[in-house]
Amino acid sequence: MSAPAPVPTLLVLDADPPPRLGSLTGRARIEHADGSTLAERLPSADVLLVWDFTSTAVRDAWPGEGPRPRWVHTASAGVDHLMCPELAVSDTVVTNARGVFDQPIAEYVAALVLTMAKDLPRTLELQREGVWRHRESQRVAGTRACVVGSGPIGRAIVSTLKALGITTALVGRRSRTGIHGPDDLDRLMARADWVIAAAPLTADTHGMFDARRFGMMQPSARFINIGRGQLVVEDALVEAVSKRWIAGAALDVFDTEPLPPDSPLWQVPGLIVSPHMSGDTVGWREELGTQFLQLYDRWEAGRSLANVVDKQRGYVPGH
């Protein structure tokens, strides 16, 4: 009688609270690591679950010696925190949490649009001051939005903004039906009332929103970033909002997170700062855990995985 197949080792890069993996009892040997122990435990792992998607430990540990996991799953839409040249050229399959955050982020963007158009921050300030000051607000129906990033999140944003009567243009890596290419971006930004960054972080998108692009926006336009902090040259945005080259901005992601207390971004009038929470609705961790378990079922059965990242491009292709 042949010996039973060895149980795969699942290594979890931990974050609090940990994922619920009870259904894998007897199907996987579950081990845990943090940034200080990941490098020594990688060689023994068949699968790596990057539950701590804020950590860069994978990027730091992967180039080391020994075997590497056959599959890496990150509980996030972005993969820039774990990609390194050695992982990119390896045979390891990388998957992400595509699909979990699309609609929550779209709703958050719609909330930011309405918040700025209706001047809600000032209303709350005046309420705290006990001041009755009538003002006029902006109507969003009939305005124009340029959404940069044609993946599922960008497409959900477009759909949600259209429901508010906003005319939308979607910009992707290449031009195709219903999606503009990069060559159209400057023209679309120049006529947009809302510019929304939802692109993945790649070599092409790093720092794409700079002084030149903020300078071409209308003085009445506003900028929103829910993609990656490094898409934006933050000093250029501070100058653009402070000098009223644009009417305002909202950032949910930043070059450095958590945002340091001494960052000038906290103090810019007309700039809304939120702590990378646009996709995090009640129950989101449970959704991430369920998604991984479904993928594990497929991997265990030898079936093809969903949400496979093109490691050279840095995102899931097909959009």
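Select Phe292 first: beyond its neighbours within four places in sequence, Phe292 is in contact with Leu10, Leu21, Leu24, Val47, Leu49, Trp71 and His73. The model on screen is a predicted one.

**The largest nonpolar core**

Keep Phe292 selected and add Ile157 and Leu161. Of the 47 residues in the largest nonpolar core, these three touch the most other members. Now colour the elements that give two or more residues to this core: S1, strand S3 (47-50), H4, S6, H6, S8 and H10. The most comes from H4, with nine residues. Apart from this core lies another, of 33 residues, and Ala192, Leu231, Leu251 and Val268 are among them.

**Helix H10**

Go next to H10, residues 284-300. H10 has 17 residues and reaches 24 Å from its first C-alpha to its last, close to the 24 Å expected at 1.5 Å a residue. Select its buried residues: Trp284, Leu288, Gly289, Gln291, Phe292, Leu293, Leu295, Tyr296 and Trp299. They pack against S1, S3, strand S4 (71-74) and strand S5 (93-95). Past the end of the helix, pick Gly302, which follows H10 and has a positive phi near 75°.

**Leu48 in S3**

From H10, step across to strand S3 and select Leu48, which lies in that strand. Leu48 counts as buried because its relative accessibility is 0%. Leaving aside neighbours within four places in sequence, Leu48 is in contact with Leu11, Leu13, Leu38, Leu42, Val58, Pro69, Trp71, Val72 and His73. Draw a C-alpha to C-alpha distance from Leu48 to Val72: the two are 24 residues apart in sequence and 4.7 Å apart in space.

**Helix H6**

Return to the core and select helix H6, residues 152-163. Its twelve residues reach 17 Å from first C-alpha to last, close to the 16 Å expected at 1.5 Å a residue. The buried residues of H6 are Pro152, Ile153, Gly154, Ala156, Ile157, Val158, Thr160 and Leu161. Show what covers them, including helix H4 (102-117), strand S6 (144-148), strand S7 (167-171) and strand S8 (194-197). After the helix comes Gly165, with a positive phi near 85°.

**Thr115 in H4**

Follow H4 to Thr115, which is found in this helix. Outside its neighbours within four places in sequence, Thr115 is in contact with Leu120, Pro121 and Ile272. For a sense of scale, pick Glu286 too: Thr115 and Glu286 are 171 residues apart in sequence and 29 Å apart in space, C-alpha to C-alpha.

**The second largest pocket**

Pro121 and Ile272 also belong to the next stop, the second largest pocket, where they are among the lining residues nearest its centre, together with Asp119, Arg122 and Gly270. The lining has 17 residues, and the pocket has a volume of about 420 Å³. H4, helix H5 (120-129) and S11 are the elements that give two or more residues to the lining. H5 gives the most, with six residues. Colour the lining by residue type to see eight nonpolar, three polar and six charged residues.

**Backbone details**

The last stops are in loops. Most residues other than glycine have a negative phi, and most peptide bonds are trans.

- Select Asp16 and Pro17, which are joined by a cis peptide bond with omega about 0°. Pro17 is found in the loop between strand S1 (9-13) and strand S2 (29-33).
- Select Glu257 and Pro258, where another cis peptide bond has omega about -5°. Pro258 lies in the loop between strand S10 (248-251) and strand S11 (271-273).
- Select Arg244, a residue other than glycine with a positive phi, near 65°. Arg244 is placed in the loop between helix H9 (234-242) and S10.
- Select His276, also a residue other than glycine with a positive phi, near 50°. The loop that holds His276 runs between S11 and helix H10.

Stay on His276 and switch on the surface. Is His276 buried or partly exposed? His276 is partly exposed, because its relative accessible area is 32%, which falls between the 20% limit for buried and the 50% limit for exposed.

How values were computed
Residues numbered from 1 in each chain as written. Predicted model: local features only at pLDDT ≥ 70, side-chain atom pairs only at ≥ 80, totals over all residues. Heavy atoms only, no water. Helix = DSSP H or I, 4+ residues; strand = E, 2+ residues; numbered from the N terminus. Expected span 1.5 Å × (residues − 1). Buried < 20%, exposed > 50% of the residue type's maximum accessible area, 1.4 Å probe, protein only. Contact = heavy atoms within 4.5 Å. 1 Å grid on protein atoms, 1.4 Å probe; cavity = no way out; pocket = protein on both sides within 12 Å on 5 of 7 lines; lining within 4 Å. Points joined across faces, edges and corners; volume = space filled by probe spheres on them. Nonpolar A, V, L, I, M, F, W, Y, C, P; charged D, E, K, R; others polar. Core = buried A, V, L, I, M, F, W, Y, C linked by side-chain atoms within 4.5 Å.
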